[in-house]
Amino acid sequence: MTGVRLLVGTRKGAFILTADGKREKWDVSGPHFGGWEIYHLKGSPADPNRIYASQSSDWFGQVNHRSDDGGKTWNTVGNEFVYEGDPGPHQWYDGTPHPWEFKRVWHFEPSLTDPDTVYAGVEDAALFRSTDAGQTWQELPGLRGHTTAASWAPGAGGLCLHTILIDPQNPDRLYIAISAAGAFRSDDAGQSWTPINQGLHSQYIPDPNAEVGHCVHRIAMHPSRPEVLYMQKHWDVMRTDNAGDTWHEISGNLPSDFGFVVHVHAHEPETIYVVPIKSDSEHYPPDGKLRVYRSRTGGNDWEALTNGLPQEHAYVNVLRDAMTVDSLDPCGVYFGTTGGQVYASNDAGDNWTAIVENLPSVMSVEVQALP
Amino acid sequence: MIRVRLPHHLRNLAGVGPEVTLEIEGPVTHRAILDALEARYPVLRGTIRDHTTHERRPFLRFFACNEDLSFESPDAALPNPVATGAEPYIILGAIAGG
């Protein structure tokens, strides 16, 4: 590997940060799409020069871009997302029916093998796919057509489909997560879906066996062991060893089990990272100390990683798409904050450096290892 | 010749200056202007009005001749100075947000 490229989406544009394999000196380009909210950028695993970017605005709606040269230049691609058939209602905050309305793309997940195929997770929650490099989008309606869909209700951020995982060993198996419907699995390439929320407990859901309604914030997988998933829920850090059929809590000794991100070390499937946040009503780290917590045992036993991170007066959040890991050795770990800092560790989290400090509020961070 | 003024972000998206000109045959209406604008700059599709319903996006307004014409019928004739090019048709973003 010759280096890495970080793709950073912020409230006011996208930034691209590059470094060589040492990951010590960084070049920053941007803002790309200055002034627009960039919910997410992600590169194709099959062609690192292919990058998809989701640009959103309350004024002008959704605009999508594609780069074919690693982010040097961009082309505007299709932005028409039409739900299949009559979308009907979902549940609104007050429990009343509310029409399904497309608002924005939260997350792009490019195919593992085909640069022209990319999934889009959207608000109001649905899964779309393009097979022509983003020019046109078709819904995979089996998800929104699930029998529970009329009962799905939005979280504070909206009814958003924010996580898409593709099983690298079985391309027909997909996982998605929706706030606040929960996690779902498909074993037929997205045609039909099963809620996978057994074992999750949410204070606001009286039924301990509720099929849906959980506010899942993020799911992570290690590619060598795709049946094991880690979840950061609204409260609780969870784990499944059977592809989501059942979950158990692994919050252990975390100072708070609320948070948004969870990620897995690139080479150690039992090493995971979270950033604890004080509570659902106070979205900043406990005690004003920005700490990444790492477990090397697949959960329950956590150690605070603080070297290089501010340990006083740190009242930022780390949003659900704003942490990632690279595939170099040692594994690089990266996250961005709502205060505009992007922190990097080139030694699996032992030490951290703020590689840029005054960006707009960071919404997403992805990384590409460059050949 | 119809003159159309775009908000900053849409100018950047379309790669144009503050004002573009369009040729329209037939009645000059909101719909005719937006159809012509989107035909010439396809990247603007979906950014001013909904792809399917063609409803105006709620944070945008249409002004001309010092009048807010946003709530006129899409097929209503616009003032004659717009049709002659004496006055621009202004697409304006709401002043809101951070």
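Strand 10 and strand 11 of chain A run in the antiparallel sense and are paired over 6 bridges. This pairing is a good place to begin a walk through the structure, which is a predicted model. One of the bridges can be picked out by eye: A:P110 has A:V118, in strand 11 of chain A, as its bridge partner. On its other side in the pairing scheme, strand 11 of chain A also meets strand 12 (residues 126-130), again in the antiparallel sense, over 5 bridges. Here A:V122 stands opposite A:A126 of strand 12. The link between strand 11 and strand 12 of chain A is a hairpin, made through 2 residues.

How many residues of strand 11 of chain A are buried? The count is 6 of the 6 residues in the run 118-123, so this strand is largely enclosed by the rest of the structure. In a regular strand, side chains alternate between the two faces of the sheet. In strand 11 of chain A, A:V118, A:A120 and A:V122 lie on one side, while A:Y119, A:G121 and A:E123 lie on the other, and both faces are covered.

Back in strand 10 of chain A (residues 104-110), A:R104 deserves a closer look. This arginine counts as buried because 22 C-beta neighbours lie inside 10 Å, where 20 or more are needed for that label. Leaving aside residues up to four places away in sequence, A:R104 touches A:Y39, A:S56, A:Q62, A:V122 and A:E123. Two of these names are familiar from strand 11 of chain A, where A:V122 and A:E123 are buried on opposite sides. A:A314 makes a useful landmark for A:R104: the two are 210 residues apart along the chain, and their C-alpha atoms are separated by 30 Å.

A:P255 offers another setting, in the loop between strand 21 (248-249) and strand 22 (262-264) of chain A. Is A:P255 buried or partly exposed? It is partly exposed, because 15 other C-beta atoms lie within 10 Å, and a buried residue would need 20 or more. Not counting residues up to four places away in sequence, A:P255 touches A:P276 and A:P286. A:P255 and A:A304 are 49 residues apart in sequence, with 9.5 Å between their C-alpha atoms.

Stepping back to the whole of chain A, the secondary structure comprises 0 helices and 30 strands. The C-alpha trace spans about 50 × 45 × 40 Å along its principal axes. For 371 residues, a compact globule would have a radius of gyration near 21 Å, and the 19 Å of chain A agrees with this. Of these 371 residues, 53% count as buried. Among the contacts in chain A with a separation of 6 or more, 50% come from residues 24 or more positions apart.

Chain A also touches chain B, in a contact that takes 13 residues from chain A and 14 residues from chain B. On the chain A side, strand 6 (residues 61-67) gives the most, with 3 residues. By class, this side of chain A has 5 nonpolar, 6 polar and 2 charged residues.

Chain B brings a helix into the picture. In helix 2 of chain B (residues 30-40), the buried residues are B:H30, B:A32, B:I33, B:L34 and B:L37. What covers these buried residues of helix 2? The cover includes strand 1 (2-5), strand 2 (19-22), strand 3 (60-64) and strand 5 (89-93) of chain B.

Technical notes: Residues are numbered from 1 along each chain as its sequence is written. Chains are lettered from A and ligands numbered from 1 in the order in which they are written. This is a predicted model: local features need pLDDT of at least 70, side-chain atom pairs count only at pLDDT 80 or more; totals for chains, interfaces and linings use all residues. Helices (H or I, at least four residues) and strands (E, at least two) are DSSP runs, numbered from the N terminus. A residue is buried if 20 or more other C-beta atoms lie within 10 Å of its own, exposed if 12 or fewer, and partly exposed in between; C-beta atoms are placed from the backbone. Two residues are in contact if their C-beta atoms, placed from the backbone, lie within 7 Å. Ala, Val, Leu, Ile, Met, Phe, Trp, Tyr, Cys and Pro count as nonpolar, Asp, Glu, Lys and Arg as charged, and the others, Gly among them, as polar. The radius of gyration is taken over C-alpha atoms; the globule rule is 2.2 Å times the number of residues to the power 0.38. Two strands pair if DSSP finds at least two bridges between them.
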